[in-house]
Amino acid sequence: MALSENTRGALLMAASMAGFTFNDALTKSVTDELTVAQIMFVRGAITTILVYAVARRLGALDHLRNILQPLILCRIAFETIAAIAFLSALGQVPLANASAILQSLPLAVTLGAALVYREPVGWRRWTAIGLGFLGVMVIIKPGPEGFTLASLYVLLSVITAAGRDLVTRKIDPNVSSLTVTLFTASSISLAGLLLVPAFGGWNPVSLDTFATIALASAFLFVGYQAIIMAMRLGEISFIAPFRYTSLLWAVALGMLFFGETPDLSMGIGAAIVIGSGLYTFYREKQRKAAVASASEPGSPG
């Protein structure tokens, strides 16, 4: 029995989230041995090689002049800051907490689209956005006893990742996604190399550590490609909610490999964030359906 496009898209989205979360877990396991800059450089270099090999084989490499566009350069800048912020936090906060905060990304994108692109957002979605960020505060636990700078780093990564996604919407669709991924990975690798002195210099990299980073890079590559394929299949409103499966992976991996037990505030905050996100997806689907109905010939005005 052939799977529908929505089903295939949902499975690809779930696979993407698994890839990203396994990458995060493997990266977290080496944060005591390598600096943020080293991880950016080594992981970015390996990811660049993987993406280049696939893009070359598929004939998906664009000419350099198609890449050196202001929007793509802006996207890379956002991605680089997000990588620095998230990697800086990853070794200091539980994997599940970091993942739960990241679940607010769709809400941040909706907020940014309303502010930057003037996309219509009704009071219901504004309320959902507000509740979602309240959920993030519950996870972060602001105050002298619970708040940490690392949590702020994760929040910064959400903001810059939202900027990346908003810029991506305006990039010329004729530019190959693989080429954008390739240029992004190589730029992050270069940024990591340049930042090595600022992050304390170069620590020795053992064979086991290198193998861990290489495996993380492979999972990162799977995540990138699966999410691109997912978003090109079926309805986004159906597929996008499956991004929340990453939290399930994060909780499981955190418990199995890092001995992390999610606390009550993380559970409550994550439930608020995910519930707000799901409602936002639902309202967006309703809005698009209403617009489509109003634009049909012969539909009542």
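The paragraphs below go through this predicted model from the chain as a whole to a few of its residues.

The chain is built from 13 helices and has 0 strands, so that, read from the N terminus on, its elements run α-α-α-α-α-α-α-α-α-α-α-α-α. Taken along the principal axes, the C-alpha atoms fill a box of roughly 70 × 50 × 45 Å. For 301 residues, a compact globule would be expected to have a radius of gyration near 19 Å, and the 20 Å found for this chain agrees with that. Of these 301 residues, 48% count as buried, while the accessible surface of the chain comes to about 15,000 Å², with 67% of it belonging to carbon and sulfur atoms. Among contacts between residues at least 6 apart in sequence, 90% join residues that are at least 24 apart.

The aromatic rings offer a way to see how separate parts of the chain meet. A pair of aromatic rings is described by the distance of the centres and the angle of the planes. The rings are counted as a pair if their centres lie within 6.5 Å, and by this rule the count comes to 6 aromatic pairs. One of these is formed by Phe22 and Phe219, whose rings are stacked, at 5.1 Å centre to centre and with 20 degrees between the planes. Because Phe22 belongs to helix 1 (residues 5–28) and Phe219 to helix 10 (residues 207–231), this pair ties together parts that are 197 residues apart in sequence. Phe22 is partly exposed, with a relative accessible area of 24%, and Phe219, at 26% relative accessibility, also counts as partly exposed.

Another pair is that of Phe41 and Trp202, which is edge-to-face because the planes stand at 70 degrees, with the ring centres 6.0 Å apart. Phe41 lies in helix 2 (residues 36–58), whereas Trp202 lies in the loop between helix 9 (177–195) and helix 10, so here the parts tied together are 161 residues apart in sequence. Phe41 is partly exposed, with a relative accessible area of 25%, and Trp202 is partly exposed as well, at 44%.

Returning to the stacked pair, the reader can also find Phe22 and Phe219 together with Trp249 in one aromatic cluster. Other rings are met by a charge instead: the charged end of Lys28 sits over the ring of Phe258, 5.5 Å from its centre, and Lys170 lies over the face of Tyr117, at 4.6 Å from the ring centre.

Two single residues complete the tour. Thr245 is found in helix 12, which covers residues 245–258, and its side chain reaches the backbone oxygen of Phe242 at 2.7 Å. When its neighbours within four places in sequence are left aside, Thr245 is in contact with Ala14 and Met17.

Gly135 has its place in helix 7, which covers residues 123–140. Is Gly135 buried or exposed? Its relative accessible area is 0%, and because buried means under 20%, Gly135 counts as buried. Not counting residues up to four places away in sequence, Gly135 touches Gly269, Ile272 and Val273. The C-alpha atoms of Gly135 and Ile101 are separated by 8.5 Å, although these two residues stand 34 residues apart along the chain.

Terms used: Residues are numbered from 1 along each chain as its sequence is written. This is a predicted model: local features need pLDDT of at least 70, side-chain atom pairs count only at pLDDT 80 or more; totals for chains, interfaces and linings use all residues. Side-chain values use heavy atoms; hydrogens and water are left out. Rings of Phe, Tyr and Trp (its six-membered ring) pair if their centres lie within 6.5 Å; planes under 30 degrees apart count as stacked, over 60 as edge-to-face and the rest as tilted. Helices (H or I, at least four residues) and strands (E, at least two) are DSSP runs, numbered from the N terminus. Buried means under 20% relative accessible area, exposed over 50%, partly exposed in between (1.4 Å probe, protein chains only). A charge sits over a ring if NZ of Lys or CZ of Arg is within 6 Å of the ring centre and within 35 degrees of the ring normal. The radius of gyration is taken over C-alpha atoms; the globule rule is 2.2 Å times the number of residues to the power 0.38. Contact means heavy atoms within 4.5 Å. Accessible areas come from the Shrake-Rupley method with a 1.4 Å probe; for residues, only the protein chains shown count as cover. A polar contact is a pair of N or O atoms within 3.5 Å; within protein, one must be able to donate a hydrogen and the other to accept it, and residues adjacent in sequence count only if both atoms are side-chain atoms.
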